[in-house]
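Hello,

Here is the structure I promised to pass on to you. Have a look at it first, and then read on for what I found in it.

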Amino acid sequence: MKAIVKKEPGKGFVLEEVEIPEIKEPTDVKVKVINASICGTDLHIWKWDDWSKQRIKTPQIDGHEFVGEVVEVGPMVKGLKPGDIVAAETHIPCGVCKQCKTGNMHVCKDMQILGVDRDGVFAEYVVVPEIVLWKLDPSIPKEFASVMEPLGNAIHSATATDLRGKTVLITGAGPIGAVAVQVAKVSGASTVIVSEVSEYRINMAKEMGADYIINPTEKDLVEEIMKLTDGNGVDVLLEMSGNPNALNSGIESLTNAGEAVILGVFPTNPVPFVMNTAVFKGIKIHCITGRKMFETWQIASEWLRTKRIDLSKLITHILPMEEYEKGFELMDSKQSGKIVLKISE
Ligand code: NAD
Ligand code: ZN
């Protein structure tokens, strides 16, 4: 089969012929990949940054966001059969640790990540355990389905608190922040304000329905927010940039007793943080990893099936697998929304 492989340490990938993976465990499922989308994590691996150097073992097939058709199931697979169309949770839980047993599988202590800790989905076939597969309603377009995983990040964040009638600030309108605009509105937010620095993504946030967009390199974010909210500040911050300045001005923009939901991953740890502001305002902070298994997937499916969420403006490029290099360069330039690679028909 054809696969996009990290052959050896260094920048880039190689498209080459590799062996089709076989079912090993009785609960394994073999899936023919139809579409796969490019995520920020894939970009890190493509660039071969410090994180990738420590985490990725070569050779390995990259990619984790996908939709495909089940072609073979292991003898203990109960809920799927060949022909079923599936998307997948990319955090593969162990199923037996304390977190898995107590409703917190998304932060499994022994979690494996598809395309990071094991071969991924930028290939014609992938084998994954049944537990992570999510059977799709046939009405969900296959172009949208590979993006359900990052949509799930936005849903997990926006459902961490009650957004009904709330004024929400989203810092960072990358693919996740941009779709979070729609998710916040469907969740009942009255006003959605976005802060973003890239012109391309400012336009994307507009298309996704943001009520106000502020570029913090042109205007003081906190001042503008106070003007828009009668001097009160926003009720909820959804931090989706991974930029420490955005995080801190987001906290400064919150109303007293407001809530901050942090999904962004920051370049350094520890992160400089306006802790005293958060303390004196009495702010509640929610930190978000991945998607809730599988409540988030249920919500994502229903909102796509009933067209409450429309991903057509978020997916800006659909490319054949062979043009993966162009896809990564586009992602790197930030002149794109979500990029989908067509792997097979
Ligand atoms: P992205 O990098 O494509 O988007 C981030 C956006 O923030 C960009 O459009 C960028 O222009 C903007 N930005 C940068 N500095 C800013 C500033 N000072 N103010 C406002 N906007 C600013 O990322 P994405 O794929 O949309 O993901 C969003 C964030 O969530 C990233 O930090 C990513 O690492 C993180 N993430 C976390 C999880 C998790 O499980 N916690 C999962 C996926 C992604
Ligand atoms: Zn576990």
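Let me start with a definition: a salt bridge is a side-chain nitrogen of Lys or Arg within 4 Å of a carboxyl oxygen of Asp or Glu. By this rule the count comes to 18 salt bridges.

Before the details, a word on the ground rules. This is a predicted model, in which local features need pLDDT of at least 70 and side-chain atom pairs count only at pLDDT 80 or more, while totals for chains, interfaces and linings use all residues. Residues are numbered from 1 along each chain as its sequence is written, chains are lettered from A and ligands numbered from 1 in the order in which they are written, and side-chain values use heavy atoms, with hydrogens and water left out.

Two more terms will come up often. Buried means under 20% relative accessible area, exposed means over 50%, and partly exposed is in between (1.4 Å probe, protein chains only). Helices (H or I, at least four residues) and strands (E, at least two) are DSSP runs, numbered from the N terminus.

Some of the salt bridges

K30 forms a salt bridge with E22, with 3.5 Å between the closest N and O atoms. K30 is buried, at 8% relative accessible area, whereas E22 is partly exposed at 49%. Both belong to a network of salt bridges that links E22, K30 and E72.

K47 and D332 also meet through their side chains, in a salt bridge of 3.0 Å from N to O. K47 lies in helix α1 (residues 40-47) and D332 in helix α12, so this pair ties together parts that are 285 residues apart in sequence. K47 is partly exposed, with a relative accessible area of 39%, and D332 is partly exposed too, at 33%.

A more local example is K53 with D50, where the closest N and O atoms are 3.6 Å apart. These two residues are three apart in helix α2 (residues 50-55), which means that about one helical turn separates them. Here K53 is partly exposed at 48% relative accessibility, while D50 is exposed at 56%.

Strand β9 and the loop after it

Two strands pair if DSSP finds at least two bridges between them. Strand β3 (residues 28-37) and β9 are joined by five bridges and run antiparallel. K30, which we met above, has V127 of β9 as its bridge partner. Four of the five residues of β9 are buried, so the strand is largely enclosed by the rest of the structure.

E130 sits in the loop between β9 (125-129) and β10 (133-135). What is the nearest side chain of opposite charge to E130? It is K78, 6.6 Å away, and E130 is buried yet has no salt bridge. For charge, Lys and Arg count as positive and Asp and Glu as negative, while His and the chain ends are not counted. The backbone of K78 does come into play, though: its nitrogen lies 3.2 Å from a polar atom of the E130 side chain. With contact taken as heavy atoms within 4.5 Å, and leaving aside neighbours within four places in sequence, E130 touches several residues, including T27, V29, M76 and K78.

Cysteines

How many disulfides does the structure hold? Zero, with a disulfide being a pair of cysteine sulfur atoms within 2.5 Å. For C39, the closest cysteine sulfur is that of C287, and at 19 Å it is too far for a bond. C39 is buried, with a relative accessible area of 14%, and C108 is buried as well, at 6%.

Backbone details in the loops

There are two cis peptide bonds to point out. One runs from N269 to P270, with omega near 0°, and P270 is in the loop between β15 (254-262) and α10 (275-281). Another joins M293 and F294, with omega about 0°; F294 is in the loop between β16 (284-287) and α11 (295-305).

Positive phi values are worth a look too. D230, which is not glycine, has phi near 60°; its place is the loop between α8 (221-228) and β14 (234-239), and D230 is exposed at 74% relative accessible area. K334, also not a glycine, has a positive phi of about 60°. K334 is in the loop between α12 (324-333) and β18 (338-342) and counts as partly exposed, at 44%.

Best wishes

Methods. A polar contact is a pair of N or O atoms within 3.5 Å; within protein, one must be able to donate a hydrogen and the other to accept it, and residues adjacent in sequence count only if both atoms are side-chain atoms.
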